[in-house]
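Me: Hi! Could you take a look at this model with me and talk through how its helices sit?
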Amino acid sequence: MFVNFEDLDKNARVWIYQANRAFTNNEVEIINEKTADFVLGWQRHGEDLKASFCIKYNQFIVLAVDENFNNVSGCSIDASVNLIKNLENVFSVDLTNKLNVSFRDGDAINIVSMADFQKYVKEQKITTNTIVFNNLVTTKGDFENNWEVTADKSWHKRFLVS
């Protein structure tokens, strides 16, 4: 059951997939279609999931499920991962590399390896005030309030120079 992302409860569970490059506007249209079709039929053991998604900055796909309506199962999570893997294949993009780190440099969004992120911290190109994307958030409320934050307010702080 597809619902508007904004209408989901703040406790809805989210999964964030960051692309290693920005999608073109045409790719975003296709991703919107494929993901909407998936969410419309997303189920857990034959029962509908109250779910939604959004695409942020043409680079992040956020899936969400209101588990107050129905809990997700391993099979339903696997189905969503299959969707993401399909998108990776169709668009020759990496959406599942958890060792990539994203941060802002002005208006630009940079995706770098963990090693490069640590190097930039040592070079002080990334500081406590650098905006980072905390893709480890697990609820819609955290996504809205703690996803795009300064490095000192995220798990990224462990790499910051004291």
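Reply: Happy to; we can go through a helix pair and then a single helix. This is a predicted model, where local features need pLDDT of at least 70, side-chain atom pairs count only at pLDDT 80 or more, and totals for chains, interfaces and linings use all residues. Residues are numbered from 1 along each chain as its sequence is written, and side-chain values use heavy atoms, with hydrogens and water left out.

Me: Great. At what angle do H1 and H2 pack?
Reply: About 155°, with the axes of H1 (residues 25-41) and H2 (residues 74-91) 11 Å apart. That makes H1 roughly antiparallel to H2 (angles over 145 degrees count as such).

Me: And which residues of H1 make the contact?
Reply: Glu-27, Ile-30, Ile-31, Lys-34, Thr-35 and Phe-38. On H2, the partners include Leu-83, Leu-87 and Phe-91. Contact means heavy atoms within 4.5 Å.

Me: Switching to H3: which of its residues are buried?
Reply: In H3 (residues 114-122) they are Met-114, Phe-117 and Val-121, where buried means under 20% relative accessible area and exposed over 50%, with a 1.4 Å probe and protein chains only. These buried residues cover an arc of only 60° around the axis, which puts them on the same side of H3.

Me: Why would residues three or four places apart point the same way?
Reply: Because an α-helix has 3.6 residues a turn.

Me: What covers the buried residues of H3?
Reply: The cover includes strands E6 (100-105), E7 (108-113) and E8 (131-133). On the other side of H3, Ala-115 and Lys-122 are exposed.

Me: What about Gln-124, just after H3?
Reply: Gln-124 takes a positive phi of about 60°.

Notes: Axes fitted to C-alpha atoms, helices over the stretch in contact; angles between N-to-C directions. Helix = DSSP H or I, 4+ residues; strand = E, 2+ residues; numbered from the N terminus. Parallel < 35°, antiparallel > 145°, perpendicular 65-115°, else oblique. Arc of directions from axis to C-beta.
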